[in-house]
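Colleague: I should like to learn how to read the features of a model such as this one. May we go through them in order?

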Amino acid sequence: MSKWVDANGPASFETRGFTALLRMRGEFGFPAFFRPHPEERQVGGANPAASRRTRAALAIIAFSIGFATLANAQQKPPPLGIGREATQHEIAGWDIDVRPDGQGLPHGKGTVKQGEEIYVNQCSACHGEFGESAGRWPILSGGAGTLKSHDPVKSVGSYWPYASTLFDYIRRAMPYGNAQSLSNDELYAVTAYVLYLNDIIRDEDFELSEKTFKTIKLPNQAFHDDDRETTEKHFWQKTPCMKDCTPGAVKVTGRARVLDVTPEAGKGPKVD
């Protein structure tokens, strides 16, 4: 590898490319400013001015190469010709979330009475006529004051912190099997009725809209902290018990009613 030599010894640029570039003659169209000074090619032939010119030339070349590389990196790649930009109508179909402060609510209105008819026809088959649940479908009402008990009931009125969550979920996912089929007025009406079932709204003539929505406050809006770290600490132990943990015969004290997996007496599999 050839090295560039000036009055102070070998220069820091040792690549053939830069060395050859700086040694090119005028016949190749290389400006005289970038040509090395004759005295720089002799060790000991000090010429500070010429040496400074060479270093300046090297700096300019390095900057030019770096700038060109950066410019190429920032160039937008050519399109692949696949797909197209989404239309405003298509974007609006996905942009339907509703926030607790009411942002995202559509224009519309509906009363509790109007919502009752919609609920009975399109919701009660799964959630029960009064939100009590039919079969294994989610419960929508009841459970007030049970969150701190050993058997909390998590309904819209007892557990959900914001009415916007109810509206948003119905809007994007209900009725089951026919999601997003309700109009905005129907959404407001059925939301009002579910809130009525939970005693959040008490007037059946109340009209829910984007203007009155902010007046709705759910009991659990403050939410409850998970305090099991302190209240259940006496249950914890470093070495978990894996056998004969309870003296005497084992008794069934509760049933897995949600999943219905607790066998009837004498009908379950024999366990040794």
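Modeller: The discussion below moves from the overall layout to helix packing, the core, individual loop residues and the backbone. Please keep in mind that this is a predicted model.

Colleague: Let us begin with the layout. How many helices and strands does the protein have, and in what order do the elements run?

Modeller: There are eight helices and four strands. Read from the N terminus, their order is β-β-α-α-α-β-α-α-α-α-β-α. The protein has 272 residues, of which 27% count as buried. Of the contacts between residues at least 6 apart in sequence, 53% join residues at least 24 apart.

Colleague: How should one read the packing of two helices?

Modeller: Two packed helices are described by the angle between their axes and by the distance between those axes. Here, helix 4 (residues 112-122) packs with helix 7 at an angle of about 95°, and their axes are 7 Å apart. Helix 4 is therefore roughly perpendicular to helix 7, as angles of 65 to 115 degrees are classed that way.

Colleague: Which residues of helix 4 and helix 7 make the contact?

Modeller: Helix 4 contributes Val112, Gln114, Gly115, Glu116, Ile118 and Tyr119. From helix 7 come Glu186, Ala189, Val190, Ala192, Tyr193, Val194, Tyr196 and Leu197. By character, the residues of this contact comprise 10 nonpolar, two polar and two charged.

Colleague: How does one read the pattern of burial along a single helix?

Modeller: An α-helix has 3.6 residues a turn, so residues three or four places apart point the same way. In helix 6 (residues 163-173), the buried residues are Ala163, Ser164, Leu166, Phe167, Asp168, Ile170 and Arg171.

Colleague: Against which element do the buried residues of helix 6 pack?

Modeller: They pack against helix 7 (184-197).

Colleague: Which residues of the largest nonpolar core touch the most other members?

Modeller: This core has 28 residues, and those touching the most other members are Tyr119, Phe167, Ile170, Val190, Leu195, Phe213 and Ile216. The elements giving two or more residues to the core are helix 4, helix 6 and helix 7. Helix 7 supplies the largest share, with nine residues. Val190 can serve as an example: beyond its neighbours within four places in sequence, it is in contact with Gly115, Ile118, Tyr119, Cys123, Ile170 and Leu182.

Colleague: Let us turn to the loops. Is Asn220 buried or exposed?

Modeller: Asn220 is buried, because its relative accessible area is 3% and the limit for burial is under 20%. The residue belongs to the loop between strand 4 and helix 8 (228-231). Its side chain reaches the backbone oxygen of Tyr159 at 2.7 Å. Apart from residues up to four places away in sequence, Asn220 touches Leu147, Ser158, Tyr159, Trp160 and Pro161. Asn220 and Leu147 are 73 residues apart in sequence, with a C-alpha to C-alpha distance of 9.5 Å.

Colleague: Where is Ser133 placed, and what does its side chain reach?

Modeller: Ser133 is in the loop between helix 5 (124-127) and helix 6. The side chain of Ser133 reaches the backbone oxygen of Gly135 at 3.5 Å. With a relative accessibility of 18%, Ser133 counts as buried. Setting aside residues up to four places away in sequence, Ser133 touches Cys126, His127, Gly128, Pro138 and Ile139.

Colleague: In the loop between helix 7 and strand 4 (207-209) I find Asn198, and Asp199 lies in the loop between helix 7 and strand 4 as well. What is the relative accessibility of Asp199?

Modeller: Asp199 has a relative accessibility of 48% and so counts as partly exposed. Asn198, at 12%, is buried. Not counting residues up to four places away in sequence, Asn198 touches Leu140, Ser141, Gly142, Ser155, Val156 and Gly157.

Colleague: Finally, how should the backbone be read?

Modeller: Most residues other than glycine have a negative phi, and most peptide bonds are trans. In this model, Asp199 has a positive phi near 60°. Gln180, which is not a glycine, has a positive phi of about 60°. Gln180 is found in the loop between helix 6 and helix 7.

Colleague: Which peptide bond is cis?

Modeller: The bond from Met174 to Pro175 is cis, with omega near -5°. Pro175 is in the loop between helix 6 and helix 7.

Notes
Residues are numbered from 1 along each chain as its sequence is written. This is a predicted model: local features need pLDDT of at least 70, side-chain atom pairs count only at pLDDT 80 or more; totals for chains, interfaces and linings use all residues. Side-chain values use heavy atoms; hydrogens and water are left out. Buried means under 20% relative accessible area, exposed over 50%, partly exposed in between (1.4 Å probe, protein chains only). Contact means heavy atoms within 4.5 Å. Axes are lines fitted to C-alpha atoms, for helices over the stretch in contact, and angles run from 0 to 180 degrees between N-to-C directions. Angles under 35 degrees count as roughly parallel, over 145 as roughly antiparallel, 65 to 115 as roughly perpendicular and the rest as oblique. Ala, Val, Leu, Ile, Met, Phe, Trp, Tyr, Cys and Pro count as nonpolar, Asp, Glu, Lys and Arg as charged, and the others, Gly among them, as polar. A nonpolar core is a set of buried Ala, Val, Leu, Ile, Met, Phe, Trp, Tyr and Cys residues joined through side-chain atoms within 4.5 Å. A polar contact is a pair of N or O atoms within 3.5 Å; within protein, one must be able to donate a hydrogen and the other to accept it, and residues adjacent in sequence count only if both atoms are side-chain atoms.
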